[in-house]
Amino acid sequence: MRIFYVVVALMAAMPRIGLADDKAIQWKEVGGWTVAVDPTLDNGCFVLTSFDDDTIFRLGFNFRKKDKPLYILLGNPNWKSLEKGKHYPIELSLDQSRWTADARGLDLDGLKSLWIDTDDTDLIEEFAGKLSFRARFNGKEIVALGLKDSERAADELLACQKAVNDAVMKQPGPPQSKDPFEAKPGTQASDLFDL
């Protein structure tokens with residue numbers, strides 16, 4: 001129980017950051033990467049960095065989607081023609097590792113972005129230690145990013161998520177009623193003593 005209060009106190013003391021989500025709570029800064037918790041994604045941690053061309057790169061956990069619990073978010077204010085909700089076939093690469101993905105267009109307070117859900121449980125391990133990330137749309141390169149300190153960022157991302165998960169697991173369950181006659185939620189009885 002004590003670790004839960006420590007984590008909650010640390011999270012409350014940390015500044016909220018505008019990282020395309022005003023509800024994000026900063027965990028730590030590591031080598032140019034921000035590590036934070038997104039309460040809107042069921043307390044999924046993420047790493048985020050921005051680049052000289054105003055591109056942002058965010059990688060994290062989304063526990064609202066059980067079948068695809070990891071995501072990549074790419075955003076750039078110059079992508080004005082991206083349409084919210086439209087799907088875009090994107091080719092991605094981490095160094096020599098390549099794959100295709102279905103990205104969905106988002107508009108995050110004026111920042112046009114691509115959201116890519118994935119079920120690739122090895123994505124964070126693949127990201128760690130890689131030197132570059134590239135994305136292509138219709139054969140044209142739209143993003144070419146250097147991933148300096150990605151290994152440290154990935155390690156801290158996992159540490160953040162472990163601490164949050166541990167804190168959540170230690171939260172007490174709902175209080176148990178001491179009323180032996182109280183009906184369980186969703187049940188009805190025709191006889192008072194049939195509860």
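Start by selecting Val-47, Phe-57, Leu-59, Ile-72, Leu-74, Phe-127 and Phe-133: within the 38 residues of the largest nonpolar core, these touch the most other members. A nonpolar core here is a set of buried Ala, Val, Leu, Ile, Met, Phe, Trp, Tyr and Cys residues joined through side-chain atoms within 4.5 Å. Buried stands for under 20% relative accessible area, exposed for over 50%, and partly exposed for what is in between (1.4 Å probe, protein chains only). Helix H3, residues 150-169, gives the most to this core, with 6 residues. Apart from this core lies another, of 11 residues, including Leu-48, Ile-56, Tyr-71 and Trp-115. In soluble globular proteins, nonpolar side chains tend to be buried together.

Before going further, note that this is a predicted model, in which local features need pLDDT of at least 70 and side-chain atom pairs count only at pLDDT 80 or more, while totals for chains, interfaces and linings use all residues. Residues are numbered from 1 along each chain as its sequence is written, and side-chain values use heavy atoms, with hydrogens and water left out.

**The whole chain**

Zoom out and colour by secondary structure. The protein has 3 helices and 10 strands, following the pattern α-β-β-β-β-β-β-β-β-α-β-β-α along the sequence. Helices (H or I, at least four residues) and strands (E, at least two) are DSSP runs, numbered from the N terminus. Of the 195 residues, 41% count as buried. Contact means heavy atoms within 4.5 Å; among contacts between residues at least 6 apart in sequence, 48% join residues at least 24 apart.

**Back to the core: Phe-133**

Now select Phe-133 and show what surrounds this residue. Leaving out residues up to four places away in sequence, Phe-133 touches Phe-57, Ile-72, Leu-74, Leu-92, Ser-93, Leu-94, Val-143, Ala-144, Leu-145 and Leu-147.

**Two phenylalanines: Phe-61 and Phe-63**

Next, pick Phe-61, in strand E4, which spans 56-61. Phe-61 counts as buried because its relative accessibility is 13%. Tyr-71 is 10 residues away in sequence and 6.4 Å away in space, C-alpha to C-alpha. Beyond its neighbours within four places in sequence, Phe-61 is in contact with residues including Tyr-71, Ile-124, Leu-157, Leu-158 and Gln-161.

Step along to Phe-63, in the loop between E4 and E5. Phe-63 is partly exposed, with a relative accessible area of 23%. Its C-alpha atom is 9.8 Å from that of Cys-45, 18 residues apart in sequence. Setting aside neighbours within four places, the contacts of Phe-63 are Leu-41, Asp-42, Asn-43, Gly-44 and Gln-161.

**Two asparagines with positive phi**

Asn-43, just met as a contact of Phe-63, sits in the loop between strand E2 (33-38) and strand E3 (44-50). Its phi is near 60°, a positive value in a residue other than glycine. Asn-43 counts as partly exposed, at 27% relative accessibility. For background, most residues other than glycine have a negative phi.

Now jump to Asn-138, in the loop between strand E9 (132-137) and E10. Here too phi is positive, about 55°, although Asn-138 is not a glycine. At 64% relative accessibility, Asn-138 counts as exposed.

**A buried asparagine: Asn-76**

Select Asn-76, in the loop between strand E5 (70-75) and E6. Asn-76 is buried, with a relative accessible area of 4%. Draw a line from its side chain to that of Thr-55: the two make a polar contact at 2.8 Å. A polar contact is a pair of N or O atoms within 3.5 Å; within protein, one must be able to donate a hydrogen and the other to accept it, and residues adjacent in sequence count only if both atoms are side-chain atoms. Leaving aside neighbours within four places in sequence, Asn-76 is in contact with Asp-53, Asp-54, Thr-55, Leu-111 and Lys-112.

**Last stop: Ala-103**

Finish in strand E7, residues 97-108, where Ala-103 is found. Ala-103 is buried, with a relative accessible area of 0%. Not counting residues up to four places away in sequence, Ala-103 touches Lys-86, His-87, Tyr-88, Ile-90, Leu-114, Trp-115 and Ile-116. For a final distance, pick the C-alpha atoms of Ala-103 and Tyr-71: 32 residues apart along the chain, they are separated by 10.0 Å.
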